[in-house]
Amino acid sequence: MDSIILRYYKYHRGSRDNMLDELIFLFNENYPERFIDEVKGFFHNFEWPDICLSEKIVKGFLEPFPEEMQEINNEINDFNGLRPFQIEYLGTYKSKDLVTLYINSIEKTAGRYHAIVGSAQYQKRDIIRFLTDIIIVHEFVHWIVDILLKKRGRQGFKYTTQDEVFFHEGLAQYFTYHMIKYDKNVASVFSWLLPFQLKRYKVFQELITPGYNLNDVMVGIWLCVNSKKQSWTELKFYIDEASKIKGDSGHKISTILHR
Ligand SMILES: [Zn+2]
């Protein structure tokens, strides 16, 4: 068991001022309903998803990576015998409110970054921390979206079609980016990983183009969740519509719904 990750997590779990609190705060402040009222109780520290540390190496995670790969521009499963990197090799969110961190894969990835990019700037243990930040926020966004869907009586966390996969991974990466973009250390690791990943982990960039703001994205999520759609296409449509309307979230939602 990697003591750095364990200590890191214990430290943050006991802290009131951490990235997960910030993430919840972000949704609470910007989600069109009073998010915290809707899901009150889930956000008590001890009712957050448990984080399980696993030594398992997820099938598909290969070393060496990714400097042997070229940039990946489409949704392929293999690249010259190597697989594209996936965030979910380092952590997963499963139902029953469980986030798993794959500590060996995180450490290997940190070692790779350290060897290629960051050895002069960072200790490997620092990179493990940066990566763990990224993975935890990413997986907790899956959890938040899952809770929002559950509260609307959805039939299940849909993750079959490309449209559904892009919806979930696009949002997870969008909010991860949003949370870490001002921390140049974490942002540099996040950016380093991007070119080598499947398209599903890169589509979030379509939401950070000028013209769309966080408020519009939250309106898009609200409209998708309330119409029980887990669709990247629908999400982008709603965000685009919201971006064209002036006013607050409630006004944007009612305008879109009554068109
Ligand atoms: Zn994910």
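**View A. How helix 4 crosses helix 5.** In this predicted model, helix 4 goes past helix 5 in a right-handed crossing. Helix 4 covers residues 103-118 and helix 5 covers residues 124-151. Their axes sit 9 Å apart, and the packing angle is about 120 degrees. That angle is why helix 4 counts as oblique to helix 5.

**View B. The residues where the two helices meet.** Zoom in on the contact and you'll find Ile106, Glu107, Thr109, Ala110, Gly111, Tyr113, His114 and Gly118 on the helix 4 side. Helix 5 answers with Lys124, Ile127, Ile128, Leu131, Thr132 and Ile135. Sort the contact of helix 4 with helix 5 by class and you get seven nonpolar, five polar and two charged residues.

**View C. The three-stranded sheet.** Here's an open sheet with its strands in the order 1-3-2 and with mixed pairing. Strand 1 (50-54) and strand 2 (91-94) are the edge strands, so called because each pairs on one side only. Ignoring direction, neighbouring strands of this sheet are turned by 20 degrees against each other on average.

**View D. Strand 1 beside strand 3.** These two strands run parallel, and five bridges join strand 1 to strand 3 (residues 98-102). Look for Ser54, which stands opposite Tyr102 in strand 3.

**View E. Helices packed on the sheet.** Helix 4 packs on the sheet and touches strand 1 and strand 3, with its direction at about 45 degrees to that of strand 3. Helix 5 packs on the sheet too, touching strand 2 and strand 3. The direction of helix 5 makes about 15 degrees with that of strand 2.

Key: Residues are numbered from 1 along each chain as its sequence is written. This is a predicted model: local features need pLDDT of at least 70, side-chain atom pairs count only at pLDDT 80 or more; totals for chains, interfaces and linings use all residues. Axes are lines fitted to C-alpha atoms, for helices over the stretch in contact, and angles run from 0 to 180 degrees between N-to-C directions. Helices (H or I, at least four residues) and strands (E, at least two) are DSSP runs, numbered from the N terminus. Angles under 35 degrees count as roughly parallel, over 145 as roughly antiparallel, 65 to 115 as roughly perpendicular and the rest as oblique. A crossing is left-handed if the near helix is turned anticlockwise from the far one by less than a right angle, and right-handed if clockwise. Two residues are in contact if their C-beta atoms, placed from the backbone, lie within 7 Å. Ala, Val, Leu, Ile, Met, Phe, Trp, Tyr, Cys and Pro count as nonpolar, Asp, Glu, Lys and Arg as charged, and the others, Gly among them, as polar.
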